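Reader: Hey, could you walk me through this one? I'd like the overall picture and then some side chains.

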Amino acid sequence: MLSLHAAHAARPTRSAPRIGLAIAGGGPVGAMYELGALRALDEACDGLDLTRLDCYVGVSSGAFFAAGLANGMDTAELCRIFITGDSSDVRFRPETFLRPALGEYLKRAASLPGLASRLMRDAWSGRTDSRWSDLLTRAGSLVPTGLFDNDAVEHFLRDIFTRRGRSNDFRKLARPLYVIGVDLDSGEAVRFGDKGWDDVPISRAVQASAALPGLYPPVELRDKQGRIRHIVDGALRRTMHASIVLDRGVDLLLGINPLVPFNPGTDAGESAQAHRFSDRRIAQGGLPGVLSQTLRTMLQSRMQVGLARYPQQYPQIDQVVFEPNAADRELFYTNIFSFSARRRISQLAYRNTLDDLRKRRAQLEPVLARHGIHLREDVIADRPRSIVAHLPPAPRTTDATASLGRALDDIQHALDRRHMV
C-alpha cells in the first residue's frame, strides 16, 4: 500500500535534490518487512542511493536500518546479515535479542523481603483496610519492566558500528541521523543525534529507541544536567516522526511503516477458503491478537493524521510512504517478535513494494523524476522476483579494504555531485 502526496508548490531551485528517509518501528517482524521494502526500492529505483540520502530518522526497530544506511551499509549487506546469514562482516544470532533479563528479575526479587515486611506491618497496624487494589499496586513493583535483556542488543550494534570505517558517533557521520526515544517519566520525545543528545553512542540510542515496554526494560541515561532519564520506544510518541525529516528542508520524503491493522475485507484477489487463517476472527486468537490489532490501529491512525496534515505544512515536498497491504494475513498472524519468519516476511515486503511501484507507476514516475530517480522496468515487471535470488555475491573484504573502498566511494560521489553543479 502506497501513500503519495505530490508537492503542490514550486520547490527552490538547487543543483541536487535533497532526499530524506523515515523508518517506523514494528518489532522483529516489522524490521524484516522494512528490510524487504528497502531492498525493493534500492533495486527498482535508478538514481536512488539509500546510503547517501540527506537525512535519516529511525524509530524503534527502524532505527537500526536508518543507522546502518547512514553508516554506508547498503541493503544487500543488510540482507546478507539478517536474511541469508552469509555476511563476511556480521554474524547475526536471533537469540542475542531474546536473552532473559536476569539482572532485572534479580533486582525485582531482591525487593520482595522489604515489600513483605511493609505489608505485614500495615496488617498489624490495621492499615490494610482490605484495599486489595493497593496490595496489587504494591505487588506490581515485583514485576520486571522487561522480559529480555537489551544490553546484548547494544553490544551487537556497538560491534557493527565501530568497524570497517563505520562510526558509532552521531557527530562523525557524513549525514544527519536522528534516532527517537521517549522519556518514560515525562512522556517527552528524545531526539538522539540532535544538539544535547548527539554525544550518546548510536548503539545506545538505538537500544533505547527499541526498548518496547514489557519486552525490554527502559534504558537509563544521563542528560546534560546530570539527571537520570529512563528512555523507551520512540513509537510511544509518534509512529514515524517524519516531521523531523521534513523540517530539514528536503525535496522528497521516503517513509516506511511496517504495521497496519488487518482488514480481510480488502482482500480482493484471494479466495477466503484458500487461506489457513481465513476462518479465524481476531478475537478468536485471544489477547495477543487483540493487542496486536489495537497497536497496529493506533500507530497507523496517528501516522495518517500526520500524513494528511503534512501537504499543507510542507507544500514544496513530495512525500511517498510505503506500508503493507491491510489484507496480508501472513503478516498479521506471524508472531510480531518472531525471527524465524524473517525470510518469508522480507520476501512479502519486497514483492508488495515492487507491486506498488508497478501499479502506481503512472503517478510515481513524474514525481520521482523531479529528484533524478527513474523506475527500472526490468525490476518492477519481474513478478516472480525473489529478494534472495537477486542478491549480489557477498564481497570478501577486510577492515582495511572496506575502509579504503568507502573512502574511494566518497571521493567518486563528491566528484559526481560537483559535475552535476
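Author: Sure, we can start with the whole chain and then go to particular residues. Keep in mind that this is a predicted model.

Reader: Okay, how many helices and strands are there in the chain?

Author: The chain has 15 helices and eleven strands.

Reader: And what share of the residues is buried?

Author: Of the 421 residues in the chain, 48% are buried. The accessible surface comes to about 20,100 Å², and carbon and sulfur atoms account for 54% of that.

Reader: What about contacts between residues at least 6 apart in sequence? How many of those join residues at least 24 apart?

Author: That would be 79% of them.

Reader: Let's pick a helix. Which residues of α13 are buried?

Author: Helix α13 runs over residues 361–369, and Leu364, Val367 and Leu368 are buried there. They span an arc of only 95° around the axis, which puts them on the same side of α13.

Reader: What do those buried residues pack against?

Author: A mix of strands and a helix: β1 (2–5), β9 (252–256), β10 (318–322) and β11 (374–375), plus α12 (342–359).

Reader: Switching to charges. How many salt bridges does the structure hold?

Author: There are 24 salt bridges. One of them joins the side chains of aspartate 89 and arginine 164, at 3.5 Å from N to O. Aspartate 89 sits in the loop between α3 (75–84) and α4 (102–110), while arginine 164 is in the loop between α7 (151–161) and β5 (177–183), so the pair ties together parts that are 75 residues apart in sequence.

Reader: Are those two partners buried or exposed?

Author: Aspartate 89 is buried, with 11% relative accessibility. Arginine 164 is buried too, also at 11%.

Reader: How about aspartate 49, what does it form a salt bridge with?

Author: Its partner is arginine 52, with the closest N and O atoms 3.5 Å apart. Here aspartate 49 is partly exposed at 34% relative accessibility, whereas arginine 52 is buried at 16%. The cut-off for buried is under 20%, so arginine 52 falls on the buried side.

Reader: Got one where both ends are partly exposed?

Author: Try aspartate 378 and arginine 376, whose side chains meet in a salt bridge at 2.8 Å, N to O. Aspartate 378 has a relative accessible area of 47%, which counts as partly exposed, and arginine 376 is partly exposed at 34%.

Reader: Which residues do shared salt-bridge partners join into one network?

Author: Arg39, Asp42, Glu43, Asp382 and Arg385 are joined that way.

Reader: Now the aromatics. How many aromatic pairs are there?

Author: A search of the whole structure turns up nine. In one of them, the ring centres of phenylalanine 192 and tryptophan 197 are 5.5 Å apart and the planes are at 80°, so this pair is edge-to-face. Both phenylalanine 192 and tryptophan 197 are buried.

Reader: Which residues form the aromatic cluster?

Author: That one is made of phenylalanines: Phe64, Phe65, Phe82, Phe92, Phe156 and Phe161 form one cluster.

Reader: And on the outside, what makes the nonpolar surface patch?

Author: Leu287, Val290 and Leu291 make a patch of about 270 Å². Valine 290 belongs to helix α10, residues 287–313, and is partly exposed at 35% relative accessibility.

Reader: Back to that loop between α3 and α4. Where is aspartate 86, and what does it touch?

Author: Aspartate 86 is in that loop between α3 and α4. Leaving out residues up to four places away in sequence, aspartate 86 touches Arg80 and Ala394. The C-alpha atoms of aspartate 86 and proline 393 are separated by 9.5 Å, although the two residues are 307 apart along the chain. Aspartate 86 itself is partly exposed, at 39%.

Reader: Last topic, backbone. What is phi of serine 60?

Author: Phi of serine 60 is near 55°, a positive value in a residue other than glycine. Most residues other than glycine have a negative phi. Serine 60 lies in the loop between β4 (55–59) and α2 (61–70), and is buried at 6%.

Reader: And histidine 241, where does that lie?

Author: Histidine 241 is in the loop between β8 (228–233) and α9 (242–246). Phi of histidine 241 is also positive, near 55°, and the residue is buried, with a relative accessible area of 6%.

Terms used. Residues are numbered from 1 along each chain as its sequence is written. This is a predicted model: local features need pLDDT of at least 70, side-chain atom pairs count only at pLDDT 80 or more; totals for chains, interfaces and linings use all residues. Side-chain values use heavy atoms; hydrogens and water are left out. Buried means under 20% relative accessible area, exposed over 50%, partly exposed in between (1.4 Å probe, protein chains only). Helices (H or I, at least four residues) and strands (E, at least two) are DSSP runs, numbered from the N terminus. The arc is that of the directions from the helix axis to the C-beta atoms. Contact means heavy atoms within 4.5 Å. A salt bridge is a side-chain nitrogen of Lys or Arg within 4 Å of a carboxyl oxygen of Asp or Glu. Patches are made of residues with over 30% relative accessible area and no salt bridge: like charges are joined within 9 Å, nonpolar side chains (Val, Leu, Ile, Met, Phe, Trp, Tyr) within 5 Å. Accessible areas come from the Shrake-Rupley method with a 1.4 Å probe; for residues, only the protein chains shown count as cover. Rings of Phe, Tyr and Trp (its six-membered ring) pair if their centres lie within 6.5 Å; planes under 30 degrees apart count as stacked, over 60 as edge-to-face and the rest as tilted.
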